[in-house]
Amino acid sequence: QRQNTKDLIDYISRELKDRFDTRLNELKDYNKQQIEIALEDHKGKLSSMEKFNENIIKELDASTFYFQGRSSLLSKRYDLAMVNFFRSADLWLASNRPNRANVIFQNMILSLKQINDSSLLNRINEALKKDNAMHDTIEKKLDKYRQRDDGANFIKKLDQILEELQRIERV
C-alpha cells in the first residue's frame, strides 16, 4: 500500500505541476497578447500626437512669418513683408487649416497696393528664389496655389494679387 500511496502522491504531484505549468504558460501568452495590444494602441496614439505636433509647429511657424510680414508691412518694407507672407502662405497651405492662407493673401494685396516700383518686385523674386529649393518666383508660387485641389477657395484673392502685380509692372 505504501507503494500505491507513493505512486498516487507522485501522480498527483505531476498532475498538479503539469496543470500549474500549463496555466502559467497560458497566463504568459495572454499577458504577452495584452501587452502587444496595449503597445500597438500606444504606438497609434503616439503617431497621432506626433502628427498633431507637426501640424501645430507648422501653424506656429506660419503665424510667426505672418507677424514678421505684418511688422515689415507696417515698417514699409514691402519686399520683406511679401517674402514673409509667402513663407506663411506656404505653411498654412501645408497645414490642416489651409483656409487661413486667405488672410495672408489679403495682406499680400495690402503690401502690393503700397508698391509703385517694379524694382521691388525683382527684389521679392530674388529673395523668393533664394528662399526655396524650387527657385519659385511670385508668379510660379501663385500658379502653384491656384493649381491646388482647393485652389478654387483662393482664386479671388489670387486674381487680386495678379491685378496688383500687373499694375506695378505698368508703372
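**View 1. N55 sits in helix α1.** This is a predicted model, as are all the views that follow. N55 has a relative accessible area of 10%, and under 20% counts as buried, so N55 is a buried residue. Once residues up to four places away in sequence are set aside, N55 touches S95 and N96.

**View 2. K76 is in the loop that links α1 to α2.** The backbone is the thing to look at here: phi of K76 is near 65°, a positive value in a residue other than glycine. Is K76 buried or exposed? K76 counts as exposed, because its relative accessibility is 59% and the cut-off for that label is over 50%.

**View 3. Helix α1 (residues 2-74) runs alongside helix α3 (residues 101-114), with their axes coming within 11 Å.** The axes cross at roughly 20°, which makes α1 roughly parallel to α3, given that angles under 35 degrees get that label. The handedness of this crossing is left-handed. On the α1 side, the residues in the contact are Y66, R70 and L73. They meet V103, I104, N107, L110 and S111 of α3. Sorted by class, this contact has 5 nonpolar, 2 polar and 1 charged residues.

**View 4. Helix α2 is mostly covered, with 12 of its 16 residues buried.** The buried set is Y78, D79, A81, M82, V83, N84, F85, F86, S88, A89, W92 and L93. What lies over these buried residues? The cover includes α1, α3, α4 and α5 (138-147). There is a handy geometry check too: at 1.5 Å a residue, the 16 residues of α2 should span 22 Å, and the end C-alpha atoms are 22 Å apart, so the two agree.

**View 5. S88 is a residue of helix α2, shown here with its contacts from elsewhere in the chain.** How much of S88 is accessible? The relative accessible area is 0%, so S88 is buried. Leaving out neighbours within four places in sequence, S88 is in contact with A62, F65, Y66 and I104. Take A62 as one of them: S88 and A62 are 26 residues apart in sequence, yet their C-alpha atoms are 4.2 Å apart in space. Two other names on that contact list, Y66 and I104, also turn up in View 3, where Y66 belongs to the α1 side and I104 to the α3 side.

**View 6. Helix α2 (residues 78-93) crosses helix α4 (residues 118-131) at roughly 40°.** Their axes come within 9 Å. What does that angle make of the pair? α2 and α4 are oblique to each other, because roughly parallel is reserved for angles under 35 degrees. The crossing is right-handed. From α2, the contact takes in Y78, D79, M82, V83, F86 and R87. Facing them in α4 are L120, R123, I124, A127, L128 and D131. By class that comes to 8 nonpolar and 4 charged residues, with no polar ones.

**View 7. Helices α2 and α5 have axes that come within 12 Å and cross at roughly 20°.** That makes α2 roughly parallel to α5. Here the crossing is left-handed. Which residues make the contact? F86, A89, D90 and L93 come from α2, while I138, K141, L142 and Y145 come from α5. The class split is 6 nonpolar, no polar and 2 charged. F86 of α2 is in this contact and also in the one with α4. F86, A89 and L93 are all listed among the buried residues of α2 as well.

**View 8. Q147 is placed in helix α5.** Q147 counts as exposed, because its relative accessibility is 65%, over the 50% cut-off. For a sense of where Q147 lies, pick out E59: the C-alpha atoms of Q147 and E59 are separated by 22 Å. Along the chain, these two residues are 88 residues apart.

Notes:
Residues are numbered from 1 along each chain as its sequence is written. This is a predicted model: local features need pLDDT of at least 70, side-chain atom pairs count only at pLDDT 80 or more; totals for chains, interfaces and linings use all residues. Side-chain values use heavy atoms; hydrogens and water are left out. Axes are lines fitted to C-alpha atoms, for helices over the stretch in contact, and angles run from 0 to 180 degrees between N-to-C directions. Helices (H or I, at least four residues) and strands (E, at least two) are DSSP runs, numbered from the N terminus. Angles under 35 degrees count as roughly parallel, over 145 as roughly antiparallel, 65 to 115 as roughly perpendicular and the rest as oblique. A crossing is left-handed if the near helix is turned anticlockwise from the far one by less than a right angle, and right-handed if clockwise. Contact means heavy atoms within 4.5 Å. Ala, Val, Leu, Ile, Met, Phe, Trp, Tyr, Cys and Pro count as nonpolar, Asp, Glu, Lys and Arg as charged, and the others, Gly among them, as polar. The expected span of a helix is 1.5 Å times one less than its number of residues. Buried means under 20% relative accessible area, exposed over 50%, partly exposed in between (1.4 Å probe, protein chains only).
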